[in-house]
Amino acid sequence: MSIAAIIVAAGRGTRAGGERPKQWQNVAGKRVIDWTLAAFRAVPEVERIVVVVHPDDTGELGGETGITVTEGAATRAGSVCNGLAALEGVGVTHVLIHDAARCCVSPDQIAEVIAALGPDCPAAAPALPVSDALWLGEDGLVTGTQTRAGLYRAQTPQGFARDVIAAAHATAPEGAADDVEVARAAGIPVRILPGRESNLKITTPEDFARAETILRGPMDIRTGTGFDVHRFGPGDHVMLCGVAVPHDRGLQGHSDADVGLHTLADAIYGAMAEGDIGRHFPPSDPQWKGAESHVFLSHAASLAAEKGFRITNVDLTLICETPKIGPHAAAMQARVSEITGLEVDRVSVKATTTERLGFTGRGEGIAAQAVATLVRT
């Protein structure tokens, strides 16, 4: 068999909203049609792709390799006929006809339709059995019920022997809902294949959010931890979470020694497997001597965003006998929120002591530990 795909993309899709037809709108970082084309390109058996577009949209796929663009007609059936005409004389034996707005179709489902076609199967299409109760209604009231036995929700791609579906379209009744209806009107048997709930058709604005969830795939949830220690030395304040806290000593370090911000930055870096502050801001580099530590935390948060992660929350514990953290915790929480862009209620800053045990108990320094959670969808 020689397989070609006809992607029908000539509609205006006004119910989907937006300033442009839905097939040209963005979802999950790419245009709807780009996701659709990528799925068909991923199937080796698909040798040719024809995209049928509205006459106003012929420039939308400029520069795309491996596809043929042809103009659509006033009806879906007319657009399919134009796509079939573009395949005449090139040796194509079978076609897959697919709605561009079904951008969540998987290469596996496309391959299943191809595998079903053959000498004993001139037509095959995926569908889902109707599982919900069905009502009849009028003027907002239920007027009856409809049995769901034997009812299916049609999907695409719908596969056909090319000459068979071309002949069927030549005699098709007007107003056919899809190519399966055209085929059946011509007496062609159509095999039902298992559909997929994920193969939704974008029709309304809400469908874009559903498609985005499917296309982005499972959430990638990461957790990172941080730990840091700084000793006390001369000074009249300590920098903690970007807040200058009066104290009879200061914290010592290559930068401003803000143990809280250092720990938070390391937790975020850790969640991304990006090492620690030292990897990104080497202490051997003199430009970071005395640097304000918000630079480090801001960099960690920006790097997370660049990698597609969203920081969902951070939790910091400062470990010291003095100074007292409680009176300054709200200000610290607000400053971390400002640096990271997190909502204040997603930032936790708290403190504990070691009951005068160890170096923190002896007042020799401050330790901190933090946890950060990142999500990429």
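This report covers the overall build of the protein, one enclosed strand and one open sheet.

## Overall build

The model is predicted. The protein has eleven helices and 19 strands. Its C-alpha atoms fill a box of roughly 95 × 55 × 35 Å along the principal axes.

The radius of gyration is 31 Å. A compact globule of 377 residues would have a value near 21 Å. Contacts within the protein often link distant parts of the sequence: among contacts with a separation of 6 or more, 69% are between residues 24 or more positions apart.

## Surface and charge

Of the 377 residues, 47% are buried. The accessible surface comes to about 18300 Å². Carbon and sulfur atoms account for 51% of that surface.

Charged side chains number 33 positive and 45 negative. The centres of the two sets lie 3 Å apart.

## Strand β7

Strand β7 spans residues 123–129. Six of its seven residues are buried, so the rest of the structure largely encloses β7. Buried here means under 20% relative accessible area.

β7 pairs with strands β10, β11 and β12. Strand β12 (residues 191–194) runs parallel to β7, and four bridges join the two. Strand β11 (residues 158–161) runs antiparallel to β7, with two bridges between them. Strand β10 (residues 152–154) is also antiparallel to β7, over three bridges.

Individual residues show how these pairings work. Ala 124 has a bridge partner in β11, Gly 159. Ala 124 also has a bridge partner in β12, Arg 191. Further along β7, Ala 127 has Ala 154 of β10 as its bridge partner.

## The open sheet

Strands of a sheet pair through backbone hydrogen bonds, either parallel or antiparallel. Five strands of this protein form an open sheet with mixed pairing. Their order is β16-β13-β19-β17-β18.

Which strands stand at the edges? They are β16 (250–251) and β18 (347–352). Each has a single partner strand, so one side of each is left without a neighbour in the sheet.

At the β18 end of the order, the neighbour is strand β17 (residues 310–319). β17 and β18 run parallel and are joined by six bridges. One contact point is Thr 317, whose bridge partner in β18 is Lys 350.

Technical notes: Residues numbered from 1 in each chain as written. Predicted model: local features only at pLDDT ≥ 70, side-chain atom pairs only at ≥ 80, totals over all residues. Heavy atoms only, no water. Rg over C-alpha atoms; globule rule 2.2 N^0.38 Å. Buried < 20%, exposed > 50% of the residue type's maximum accessible area, 1.4 Å probe, protein only. Contact = heavy atoms within 4.5 Å. Areas by Shrake-Rupley, 256 points an atom, 1.4 Å probe, with all protein chains shown as cover. Lys, Arg positive; Asp, Glu negative; His and termini not counted. Charge placed at Lys NZ, Arg CZ, Asp CG, Glu CD. Pairing = 2+ DSSP bridges.
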